[in-house]
Amino acid sequence: MTFRQRYTGLIERYRDRLPVHDDTRLISLGEGNTPLIKLHNIPDSLGKNVDIYVKYEGLNPTGSFKDRGMTMAVTKAVEKGSKAIICASTGNTSASAAAYAARAGITAFVLIPDGKIAQGKLAQAMMEGAVVIQIKGNFDDGMRLVKEVADEAPVTIVNSINPYRLQGQKTAAYEIIEELGRAPDFHCLPVGNAGNITAHWIGYSEYAGKLSDYFYNDTLEEYDKSSVTEKVPTMLGYQASGSAPFLRGEMVDNPETIATAIRIGHPQSWDYAWKVHEESGGWFDECTDKEILATQKLLAEKEGVFCEPASATSLAGAMRDIQSGKIPENSCIVCTLTGHGLKDPDTAIKQSTAPVVKVEAELGQVKSAILENM
Ligand SMILES: *Cc1c(COP(=O)(O)O)cnc(C)c1O
């Protein structure tokens with residue numbers, strides 16, 4: 001019998017395509033290599049012949065795709081001698097930054113918005129020893145402050161404006177191509193700052209040997225550019241209606257949505273995302289909070305996959321576009337599920353309509369509870 005080599009994270013796996021040196025100390029928690037799950041029951045119920053896969057990024061070490069970018073950003077921060085990192089966050093970036101900083105033995109400062117952060121994410125940042133700074137403002141205010149303070153204090157920004165974040169995140173596209181043996185026809189993502197849709201496009205384009213100059217920067221210089229596939233997917237970005245600057249065509253000052261991870265009105269990767277839209281021939285669309293929650297529940301009930309509300313936006317949008325025919329039959333579609341459902345138990349429990357059945361600890365009562373609910 002042969003043993004498979006131990007998986008030690010995405011930088012090790014894709015070293016040839018990432019900006020690290022042989023002697024770089026890698027700060028990793030084994031991120032990446034997440035399941036690509038083919039949906040069965042939902043496509044059947046749509047009555048359309050399509051293949052839908054979900055990339056379950058909630059199974060990263062801190063429960064979101066942010067870990068893919070954070071392993072790169074913190075590795076590079078440590079390489080250049082930084083002793084502290086900082087980010088603004090709707091929750092998942094802070095959970096991830098805190099974990100990788102703990103691993104590296106440096107300090108994480110995280111700015112979170114007042115009261116609009118899911119419990120699980122806050123618990124993570126606090127347990128992992130980050131300095132949590134709660135501001136009386138929203139994510140966009142936090143982002144502005146982080147940029148300003150980084151000019152005044154010795155801290156490295158690890159939001160997705162840090163170019164190493166996108167480098168780490170592009171590996172999700174590599175994994176999808178390697179697993180499917182091809183790029184999908186459509187790739188659907190929830191869009192907040194639009195870093196992740198940009199990172200996926202960089203990954204797909206690179207693997208097809210088609211990365212345009214627009215996306216080049218000095219992190220991308222010295223490594224393997226051989227192409228692995230011909231095709232690139234059409235990129236579809238879905239936003240929550242109350243936080244949909246890409247649909248309005250301008251920044252939104254008071255974004256609102258139950259999907260707190262994408263409650264962002266001033267996306268940091270605005271120009272990149274429009275370029276992705278243009279180059280891939282894709283589109284943006286919006287989903288209401290009601291649609292987002294219904295899809296989160298549907299995915300859990302029909303497929304056993306529990307993601308957080310923001311993540312369900314990708315599938316909600318895809319289902320609508322499949323139904324209307326905008327996404328044609330016989331397409332291969334991948335939806336990114338950006339974060340784990342356990343991040344936000346409050347929202348989940350509030351929308352669970354099935355009551356908990358309460359009985360005495362007694363055989364007869366348990367038996368009738370079963371028979372009545374078959
Ligand atoms: C960060 C995040 C997003 C948004 O990603 P962007 O790169 O900001 O567009 C979506 N869903 C979840 C769960 C997130 O944590």
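**Entry 1: the ligand and its polar partners**

I began with Lys66, and I found that an N or O atom of the Lys66 side chain lies 2.6 Å from an oxygen atom of the ligand. I note at once that this is a predicted model, and I read each distance below as a value computed from it. I then turned to Asn92, where a side-chain N or O atom is 2.7 Å from an oxygen atom of the ligand. For Thr338 I looked up the ligand's nitrogen, and a nitrogen atom of the ligand lies 2.7 Å from a polar side-chain atom of this residue. I next asked myself how much of the ligand's accessible area the protein covers. On its own the ligand has 390 Å² of accessible area, and the protein covers 97% of that.

**Entry 2: the shell and the cavity**

I listed the residues around the ligand and counted 17, of which Lys66, Asn92, Asn193, Ala194 and Thr338 come nearest. When I sorted the residues of this shell by character, I had seven nonpolar, eight polar and two charged ones. I also looked at the empty spaces of the protein, and the largest cavity is the space that the ligand takes. Which elements give two or more residues to the shell around the ligand? I found that they are α9, residues 195-207, and α13, residues 309-324.

**Entry 3: Gln124**

I moved on to Gln124, which I located in helix α5, a run that covers residues 119-127. Is Gln124 buried or exposed? Its relative accessibility is 18%, and the cut-off for buried is under 20%, so I entered Gln124 as buried. I also noted that its side chain is joined to the side chain of Lys343 by a polar contact of 2.6 Å.

**Entry 4: Asp44**

I found Asp44 in helix α2, which spans residues 41-46. Because its relative accessible area is 61% and exposed means over 50%, I wrote Asp44 down as exposed. I then compared Asp44 with Lys210, and the two are 166 residues apart in sequence and, from C-alpha to C-alpha, 35 Å apart in space.

**Entry 5: Tyr53**

My last residue was Tyr53, which has its place in strand β2, residues 51-56. Why did I mark Tyr53 as buried? I did so because its relative accessible area is 14%, and the limit for that word is under 20%. Between Tyr53 and Pro35 I noted a separation of 18 residues in sequence and a C-alpha to C-alpha distance of 9.7 Å in space.

Note on methods
Residues numbered from 1 in each chain as written. Predicted model: local features only at pLDDT ≥ 70, side-chain atom pairs only at ≥ 80, totals over all residues. Heavy atoms only, no water. Near = heavy atom within 4 Å. Polar contact = N/O pair within 3.5 Å; in protein donor to acceptor, adjacent residues only side chain to side chain. Areas by Shrake-Rupley, 256 points an atom, 1.4 Å probe, with all protein chains shown as cover. 1 Å grid on protein atoms, 1.4 Å probe; cavity = no way out; pocket = protein on both sides within 12 Å on 5 of 7 lines; lining within 4 Å. Sits in = over half its atoms within 2 Å of the grid points. Helix = DSSP H or I, 4+ residues; strand = E, 2+ residues; numbered from the N terminus. Nonpolar A, V, L, I, M, F, W, Y, C, P; charged D, E, K, R; others polar. Buried < 20%, exposed > 50% of the residue type's maximum accessible area, 1.4 Å probe, protein only.
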